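Here are some exercises to try with the coordinates open beside you. Work each task yourself, then compare with the steps below it.

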Amino acid sequence: MSLFVPAFDTSVITRSADAEVIGQAPTTIRLLADSDSTGGALSTQRVTLTDGADGAKPHRHSQSAELFYLLDGTARLLSGDQIVTAERGDLVIVPPGLAHAFAAAPGHDADILIVITPGVQRFEYFRHLERIAYGKVPPESLLAVQELYDTYFLTSPTWNDTRP
């Protein structure tokens, strides 16, 4: 077993008013701390989904675990071949390599704190998603950066069968 020791020596503090916000309802992402500010320990964001909105399609990370903590509401998460319904106060941690996805449960809102560890520079990934949403770059452009962001897209019949 190897021990990862992050390389930073001051506290990371992100005030709510200072967080960069990507998107708008039904999907809003608040960028809180990226890997470069935590010495590679983690990257974290807060995702707010309204009225059953999708968060992320099925994907996996080869090097990082992903933690989902439900601040409020109800979410559905794909974890491998299992669909988990998580409610306020619930925690789901997905290990490296396992397929996962998330969305607000149909007819519900969800406010989710997401932590990826060890950290991967993710803020530019979310900015890339915003460029796709606004039609500035094609969705296929994500395929070229999967390795850079340790985000590999998958198909999941289990997930597709549960989404409207």
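The exercises that follow go from strands to salt bridges and then to a surface patch.

**Before you start**

This is a predicted model, in which local features need pLDDT of at least 70 and side-chain atom pairs count only at pLDDT 80 or more, while totals for chains, interfaces and linings use all residues. Residues are numbered from 1 along each chain as its sequence is written, and side-chain values use heavy atoms, with hydrogens and water left out.

**Exercise 1. Strand E3 and its partners**

Task: find which strands pair with E3 and in what sense, and work out why E3 is largely enclosed.

Solution:
- Start with the terms. Strands (E, at least two residues) and helices (H or I, at least four) are DSSP runs, numbered from the N terminus. Two strands pair if DSSP finds at least two bridges between them.
- On one side, take strand E2 (residues 27–33), which pairs with E3 in the antiparallel sense over six bridges. Here Ile-29 stands opposite Val-47 of E3.
- Next, take strand E9 (residues 110–117), which is joined to E3 by seven bridges, again antiparallel. Thr-48 faces Asp-111 of E9 as its opposite residue.
- Now turn to accessibility. Buried means under 20% relative accessible area, exposed over 50%, and partly exposed in between (1.4 Å probe, protein chains only).
- In E3 (residues 43–49), five of the seven residues are buried, so the rest of the structure largely encloses this strand.

**Exercise 2. The surroundings of Ser-79**

Task: decide whether Ser-79 is buried or exposed, and list which residues it touches.

Solution:
- Locate Ser-79 first: it belongs to strand E5 (residues 65–79).
- Its relative accessibility is 16%, so Ser-79 counts as buried.
- For contacts (heavy atoms within 4.5 Å), leave out residues up to four places away in sequence; Ser-79 then touches Val-94, Leu-98 and Ala-99.

**Exercise 3. Salt bridges across the sequence**

Task: count the salt bridges and trace what Arg-127 and Asp-54 tie together.

Solution:
- Side chains of opposite charge can pair when their charged atoms come close. The rule used here asks for a side-chain nitrogen of Lys or Arg within 4 Å of a carboxyl oxygen of Asp or Glu.
- That rule gives six salt bridges.
- In one of them, the closest N and O atoms of Arg-127 and Glu-20 are 2.6 Å apart. Arg-127 lies in helix H1 (residues 123–133) and Glu-20 in strand E1 (residues 20–24), so this pair ties together parts that are 107 residues apart in sequence.
- Check their exposure: Arg-127 is partly exposed at 26%, and Glu-20 is partly exposed at 31%.
- Widen the view, and Glu-20, Glu-124, Arg-127 and Arg-131 turn out to be linked in a network of salt bridges.
- Asp-54 bridges to Lys-57, with closest N and O atoms 3.2 Å apart; Lys-57 is exposed at 53%.
- Asp-54 also bridges to Arg-163, at 2.8 Å between the closest N and O atoms. Because Asp-54 is in strand E4 (residues 54–60) and Arg-163 in the segment after helix H2 (157–162), the pair connects parts 109 residues apart in sequence.
- Arg-163 is buried at 14%, whereas Asp-54 is partly exposed at 31%.

**Exercise 4. A nonpolar patch**

Task: identify which residues make the nonpolar surface patch.

Solution:
- Patches use residues with over 30% relative accessible area and no salt bridge; like charges are joined within 9 Å, and nonpolar side chains (Val, Leu, Ile, Met, Phe, Trp, Tyr) within 5 Å. Areas come from the Shrake-Rupley method with a 1.4 Å probe, and for residues only the protein chains shown count as cover.
- Tyr-69, Leu-71, Leu-91 and Ile-93 make a patch of about 340 Å². E5 and strand E7 (91–94) are the elements giving two or more residues to this patch.
- Tyr-69, found in E5, is partly exposed at 32%.
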